[in-house]
Amino acid sequence: MEEAPPELQADSLIAKGKNEEAARLLVRAGQKERAASLFESAGNLAAAAELRSELGDFEIAGNLFFKTESFMAAADCFRNAGLYAMAENCFLKAGDEKNA
């Protein structure tokens with residue numbers, strides 16, 4: 001018997017309320033955007049932020065990193081997004097006045 005495609009497996013896991021497990025499956029299948037949304041809905045903001053950053057969604061990633069108090073990662077994302085004031089704020093929160 002053939003294994004169901006990752007999308008169907010993920011849908012089944014989501015129906016069971018296992019969003020984080022579904023997200024991990026989707027990452028392995030290369031569906032990072034959908035996985036990031038599922039990680040976020042499951043409360044795993046750090047994993048969602050990492051994926052958003054990999055996808056180039058720097059403002060969203062920065063906000064997620066900020067919520068997890070990963071201020072250096074947030075600063076890098078905000079800088080990549082051209083949001084320099086927000087990046088400066090994050091560098092200051094991280095205690096990195098040199099980059100602020």
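So, R24: in this predicted model its relative accessibility is 41%, which puts R24 in the partly exposed class. What does its side chain meet? R24 and E20 form a salt bridge, 3.7 Å from N to O. E20 is also partly exposed, at 28% relative accessibility. And the spacing makes sense of the pairing, because E20 and R24 sit 4 residues apart in helix α2, about one helical turn. Remember the general rule here: an α-helix has 3.6 residues a turn, so residues three or four places apart point the same way.

Okay, how many salt bridges does the structure hold? There are 5, and I'll go through two others.

Take E54 and K32. Their side chains meet in a salt bridge at 2.6 Å, N to O. This pair ties together distant parts of the chain, with E54 in helix α4 and K32 in helix α3, 22 residues apart. K32 is partly exposed, with 29% relative accessible area.

Then there's R52 with D57, another salt bridge, where the closest N and O atoms are 3.3 Å apart. Is R52 buried or exposed? Buried, because its relative accessibility is 9% and the cut-off for buried is under 20%. Its partner D57 comes out partly exposed, at 24%.

R52 brings us to helix α4, residues 45-54. R52 is one of the buried residues there, and the others are A47, A48, A49 and L51. Which helices do those buried residues pack against? That would be α2 (19-28), α3 (32-42) and α5 (58-67). So if you have the structure open, look at α4 with those three around its buried residues. After α4 comes G56, and the phi of G56 is positive, near 85 degrees.

Last topic, cysteines, since somebody always asks. How many disulfides does a search of the whole structure find? It finds 0. Look at C77: the closest cysteine sulfur belongs to C90, and at 9.3 Å that is too far for a bond. For a disulfide we'd want the two sulfurs within 2.5 Å. From the other side, C90 is in no disulfide either, and its nearest cysteine sulfur is that of C77. Where do these two sit, buried or exposed? C77 is buried, at 3% relative accessibility, and C90 is buried as well, with a relative accessible area of 1%.

To recap: E20 and R24 pair within α2, E54 and K32 link α4 to α3, and buried R52 bridges to D57. As for the cysteines, the disulfide count is 0. That's it from me.

Notes:
Residues are numbered from 1 along each chain as its sequence is written. This is a predicted model: local features need pLDDT of at least 70, side-chain atom pairs count only at pLDDT 80 or more; totals for chains, interfaces and linings use all residues. Side-chain values use heavy atoms; hydrogens and water are left out. Buried means under 20% relative accessible area, exposed over 50%, partly exposed in between (1.4 Å probe, protein chains only). Helices (H or I, at least four residues) and strands (E, at least two) are DSSP runs, numbered from the N terminus. Contact means heavy atoms within 4.5 Å. A salt bridge is a side-chain nitrogen of Lys or Arg within 4 Å of a carboxyl oxygen of Asp or Glu.
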